[in-house]
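Q: Take me through one helix-helix packing site in this model, slowly, and then show me what surrounds it. I'd like the geometry with the cut-offs spelled out.

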Amino acid sequence: MEEPIIVEVSNTTFPVKPKLKPTPRTPSRTPESKYWSSFKTRPIDNLAFSIPSLAFSPSPPHPFAAAHSASLSLFSPRSLSPTHTISSFADVVSSLSFRSDGSLLAASDLSGLIRVFDVRTRTPLRRLKSHLRPVRFVRYPVLDKLHLVSGGDDGLVKYWDVAGESVVSELRGHKDYVRCGDCSPADANCFVTGSYDHVVKLWDVRVSDRNRAVTEVNHGSPVQDVIFLPSGTLVATAGGNSVKIWDLIGGGKMVYSMESHNKTVTSICVGRMGTQGGEEATQLRILSVGLDGYMKVFDYSRMKVTHSMRFPAPLLSIGLSPDCNVRAIGTSNGIMYVGKRKGKENAETGADGSLGLVNVEEPQRRVLKPSFHRYFHRGQSEKPSEGDYLVMRPKKVKLAEHDKLLKKFRHKDALVSVLGGNDPEKVVAVMEELVARRALLKSVMNLDRDELGLLLMFLHKNSTMPRYSSLLMGLAKKVIDLRLEDIKASDALKGHIRNLKRSVEEEIRIQEGLQEIQGMVSPLLRIAGRR
């Protein structure tokens with residue numbers, strides 16, 4: 001019997017550009033990626049509770065503190081192990097801050113209390129109690145050893161006299177929880193605060209009006225963290241899935257918005273990257289972490305993300321030591337990931353605390369010659385030299401089951417195999433291939449009753465779809481003509497035919513309704529076109 005449907009297959013060929021070198025298994029890493037990956041990370045999993053705050057001491061050797069539950073732990077920057085733990089808090093510790101000389105540590109908790117400890121003896125020196133709701137952040141000014149700044153869920157920002165345990169200024173301006181803040185590195189009287197009302201405010205304690213901020217900007221989502229950049233004229237804010245940079249001198253103008261996180265950004269900090277013989281000794285970066293488990297490194301001089309690293313848990317806090325040798329990241333499941341740069345990279349540190357990376361002579365590698373035995377056992381990562389002949393191994397293509405059967409010319413089995421799936425595009429593709437081979441009707445004739453039921457069910461579901469109707473409607477007619485006797489003998493096949501008939505009748509009814517609508521709309525369009 002002659003085939004009713006014929007599809008022409010083009011034999012067009014396209015030139016393929018040969019590969020000149022083998023594709024590396026891993027993408028090439030930039031010098032910056034190598035720098036940030038040089039932090040040898042180790043997990044510290046004995047904290048048991050989420051870590052909402054991290055703080056590094058400004059004074060060498062830069063020990064750091066981590067808040068977890070109703071405790072805080074002090075860590076050594078050399079061994080990266082806890083040295084002391086302070087557990088005398090009545091509620092969960094929310095924020096930590098070292099004084100500029102590193103001798104005192106301020107800690108706030110959710111009971112509204114702020115305590116100041118001597119770092120060397122861990123003795124509590126002051127208790128600052130004025131907030132009626134949980135305190136969410138506390139900061140020591142960079143240029144001031146006598147005052148503190150705090151904010152909490154009562155919507156108030158307080159400027160404290162630490163020695164007198166009294167509030168110097170109470171600033172009222174935020175309309176929701178105050179979650180974060182930072183002090184200016186250029187002026188001891190200025191600081192910024194961020195709130196869940198989406199607003200970041202710049203305060204100056206010398207202003208007489210306590211309800212009016214010097215400058216304010218709207219981040220566009222609840223603010224989770226805010227920091228001053230080292231210049232003192234720019235601030236970075238984190239909230240939602242974005243980190244934004246604002247110019248305070250320019251009246252609060254937004255400089256750039258980085259939106260590379262998939263979930264809420266929870267914490268940001270400033271880091272420095274040393275260069276070997278570069279234009280400058282250090283380059284500033286913004287490090288951000290979020291609930292998506294990613295740490296991003298953002299170069300705000302070029303306005304681009306230069307490095308990204310994934311961790312297996314939502315991240316809540318991040319800190320980097322002033323000498324950029326230790327990095328700490330706190331998670332929601334109580335694991336803290338602490339990284340220390342490898343010895344080759346932190347061998348030299350400048351007297352001013354900046355990175356002083358020096359050129360270290362690497363040992364000379366012995367050049368492999370064809371006379372060496374190891375020359376013939378080089379790995380796949382070995383780069384070819386000029387004049388080498390490259391022998392490319394073709395990649396093995398993994399074929400689907402129906403493709404394997406088609407290669408073996410088992411046409412009926414290929415049709416049954418693809419009908420058992422749920423992808424109509426593949427089924428139609430196999431049918432078109434069988435049409436091109438003039439084997440479709442022969443395959444239909446060889447189907448048993450169960451396999452014929454699969455085919456009729458597929459035709460019932462997809463024959464009225466415009467993409468496939470030109471092929472499937474003709475095939476449905478041929479199937480009924482060729483297998484009429486089998487259909488009459490089986491109640492299940494009769495049911496499939498009834499379903500197919502109903503779907504075709506419904507499609508005809510819809511098409512007739514659309515034609516009626518087209519007949520009503522066409523005269524109106526012609527009249528409108530004349531005007």
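A: Start with the crossing: α4 passes α7 in a left-handed sense (the near helix is turned anticlockwise from the far one by less than a right angle; clockwise would be right-handed). Bear in mind that this is a predicted model, where local features need pLDDT of at least 70 and side-chain atom pairs pLDDT 80 or more, while totals for chains, interfaces and linings use all residues. Numbering runs from 1 along each chain as its sequence is written, and side-chain values use heavy atoms, with hydrogens and water left out.

The helices α4 and α7 (DSSP runs of H or I, at least four residues, numbered from the N terminus; strands are E runs of at least two) pack at about 65 degrees, with their axes 11 Å apart. The axes are lines fitted to C-alpha atoms over the stretch in contact, with angles from 0 to 180 degrees between N-to-C directions. That makes α4 and α7 roughly perpendicular, therefore (65 to 115 degrees; under 35 is roughly parallel, over 145 roughly antiparallel, the rest oblique).

Who meets whom? On the α4 side you have V428, M431, E432 and V435, facing L471, L472 and L475 from α7; contact is heavy atoms within 4.5 Å.

Now zoom out a little. The largest nonpolar core has 33 residues, and M431, L455, F458, L459, L472, L475 and V479 touch the most other members. Such a core joins buried Ala, Val, Leu, Ile, Met, Phe, Trp, Tyr and Cys through side-chain atoms within 4.5 Å, buried being under 20% relative accessible area, exposed over 50% and partly exposed in between (1.4 Å probe, protein chains only). At least two residues of this core come from each of α2 (401–407), α3 (411–419), α4 (424–436), α5 (440–445), α6 (449–462), α7 (469–482) and α9 (491–530). Its largest share, 6 residues, is supplied by α4.

F458 is worth clicking on. Skipping neighbours within four places in sequence, F458 is in contact with L419, P424, V427, V428, M431, S463 and L472. Two of those contacts, V428 and M431, turn up again on the α4 side of the crossing, and L472 on the α7 side.

Last, something separate from all this: a second core of 18 residues, with W36, M273, V297 and I318 among its members.
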